[in-house]
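Let us take a walk through a protein together, beginning with its overall form and then visiting a few individual residues. Have the model open beside you as you read.

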Amino acid sequence: NNDTGYTVGSNGTILKTTNGGDNWNPQTSGVTGYLSGVTFTSLDTGYAVGEAGLLLKTSDGGTNWVALTSGTTNGLEDVFFVGANNGYAVGRNGKVLKTIDGGVNWVNSGNGIDQSVRLTGVQFTSINSGIISGSSGYIYKTSDAGTTWNPISPAITSLNLYETHFISSTIGFVVGENFAVLKTIDGGVNWSSITGGGGELNGVYFTDEHLGYAVGHYQGRGLIRETTDGGSTWATTLSEGALLYHVHFPSQNIGYTVGFSGKIYKLNTTITGLDTKIACDSLVWIDGNTYTTNNNTATHNLVNGAANGNDSLVRLDLTIINPAIGIDSRTECSPFVWIDGNSYSSNNNTAVYSLTGEAANGCDSVVTLNLTINTVNTNITQSGSLLTADNSSATYQWLNCPAMTSIGGATNQSYSTTENGDFAVIVTINSCIDTSICYTVTSVAVLENNFSNDLFAYPNPTSGNFSVDLGANYSAVSITIKDLKGKIIKSSLYHESQLLDLALEEPAGIY
């Protein structure tokens, strides 16, 4: 943990700290050989491996170390345990050792591994799945707890690889010569590579899928490289001192690296926070930049922003949510007032309105209008006292103007009035209602004669016959019959009591 840790090295050296690296106390290993790997399965139980098949175990937090029987004289480079009992040690000449009883017994478990390969790093992500890295670009994978190992062909096939580190069952890294960095996102089946620089990376550790450190050396100087984007790019944070061989982080913010001549560095990382954001459309972050897509790599350094007065490097974890898009399809009567407050009297499919925060995801809801206006034609064609609505597929109600009172029974497309006056019609179609202007009729029963008020002609309108009452008896009367357009239908001299017989081919109407 942040306080208690171990490091091993040459001449059987084992050092322990219990105060976060301020002091390191030598442990009695009982050996003089070079120790190259160490791991602990609990605060008390740990293992170390080294040259000539060295295998050590402590059960009391390093106070006492006992030698285990490895059964090999090959140098062992690394050791890893899956739980308290299942462990693996790897080393030179393709050597793989396995224990299932907490180190009491170790057996060879290198089936499928080239015996000429120096194996440098081992890690398991589950009881069955593990990865071994080695010289000449070799990577081996097991899916059956080390019974068989299958070679993987990474992008780098010749560089020596030194350490492997997995942060999950799928995401892992291997480092090596020429600043080689290999990354897998499918549990070690496929590897992508980043190489270049001429230096050597001996150790690697990631605190999460974005933040990682690799240590090594370049031109005789110790080197620490840092990535904040999952290994895509690396920056150098230390280039001085001794060659560095291994790096480990017991927590997100505290790390240790060790190297040549007993050098130990403690890293207090400046990444102290993850700023998780969910935003609609875009986000202006603390760095002043506007982000319009998901982003989990951007970082910003808050100078003196940490609680202890140090800088605070914050990484953005942004999810962008898009606004909801919808179409409001409507068939309405004119005029129509939409949600934007505007009145529409014609078809429209371009008007757009944004409802702030009204979408189910909390973002804006952008609505486009798709409007069809049912326009009611209220024009009337007038022929004398015959009024006809131009709209032929509607329902009608004729009115008396100006009171706009309904005329009983006048519900047809045409209305023939028997009296002069002003008239209008209500037209209804597809639930849309509109009223025409008023039309004036002045041609009903207009008689110009010398009979004062005694003259009557009835019935008028007529369908064939009508009578003329002159108000008195006349022996002979000349009568001219015209239609409403002034066309003469008949003109004759009539004698008393004779019937006015219109031609049968004339339509019914007002004459």
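What follows moves from the whole chain to its details.

First, a word on ground rules: this is a predicted model, in which local features need pLDDT of at least 70 and side-chain atom pairs count only at pLDDT 80 or more, while totals for chains, interfaces and linings use all residues. Residues are numbered from 1 along each chain as its sequence is written, and side-chain values use heavy atoms, with hydrogens and water left out.

Begin with the overall form. The secondary structure comes to 49 strands and zero helices; both kinds of element are DSSP runs numbered from the N terminus, with at least two residues for a strand (E) and at least four for a helix (H or I). Along the principal axes, the C-alpha atoms fill a box of roughly 160 × 50 × 40 Å. The radius of gyration is 50 Å, whereas a compact globule of 511 residues would have one near 24 Å. That radius is taken over C-alpha atoms, and the globule rule is 2.2 Å times the number of residues to the power 0.38.

How much of the protein is buried? Of its 511 residues, 43% count as buried, a word that here means under 20% relative accessible area, with exposed meaning over 50% and partly exposed in between (1.4 Å probe, protein chains only). The accessible surface comes to about 25,500 Å², and 47% of it belongs to carbon and sulfur atoms; such areas come from the Shrake-Rupley method with a 1.4 Å probe, and for residues only the protein chains shown count as cover. Among contacts with a separation of 6 or more, 40% are between residues 24 or more positions apart, where contact means heavy atoms within 4.5 Å.

Now let us visit some residues, starting close to the beginning of the numbering. Leu15 is found in strand E2 (residues 14–17). It is called partly exposed because its relative accessible area is 21%. Leaving aside residues up to four places away in sequence, Leu15 touches Gly5, Tyr6, Thr7, Trp24, Asn25, Pro26 and Ile264. The C-alpha atoms of Leu15 and Ser29 are separated by 9.7 Å, with their positions 14 residues apart along the chain.

Aromatic rings are our next stop. A search of the whole structure finds 16 aromatic pairs. Rings of Phe, Tyr and Trp (its six-membered ring) pair if their centres lie within 6.5 Å, and planes under 30 degrees apart count as stacked, over 60 as edge-to-face and the rest as tilted. The rings of Phe40 and Trp65 have centres 6.1 Å apart and planes at 85 degrees, so this pair is edge-to-face. It links distant parts of the chain, 25 residues apart: Phe40 is in strand E4 (residues 35–40), and Trp65 is in the loop between strand E6 (55–58) and strand E7 (66–67). Phe40 counts as partly exposed at 24% relative accessibility, whereas Trp65 counts as buried at 8%.

A second edge-to-face pair is formed by Phe206 and Trp234, with ring centres 6.0 Å apart and planes at 90 degrees. Phe206 lies in strand E20 (residues 200–206) and Trp234 in the loop between strand E22 (221–227) and strand E23 (235–239), so the pair ties together parts that are 28 residues apart in sequence. Both Phe206 and Trp234 are buried. Ring pairs also link Tyr6, Phe40 and Trp65 into a cluster.

Two threonines come next. Thr120 lies in strand E12 (residues 119–124) and counts as buried at 8% relative accessibility. A polar atom of its side chain lies 3.1 Å from the backbone oxygen of Tyr162.

Thr184 is in strand E18 (residues 180–184) and is buried, with a relative accessible area of 0%. What joins the side chains of Thr184 and Asp186? The link is a polar contact of 2.8 Å, meaning a pair of N or O atoms within 3.5 Å; within protein, one must be able to donate a hydrogen and the other to accept it, and residues adjacent in sequence count only if both atoms are side-chain atoms. The side chain of Thr184 also reaches the backbone nitrogen of Gly188 at 2.9 Å.

Our last stop is Gly384, in the loop between strand E37 (380–383) and strand E38 (386–389). Gly384 touches Val441, Ser443 and Leu484, not counting residues up to four places away in sequence.
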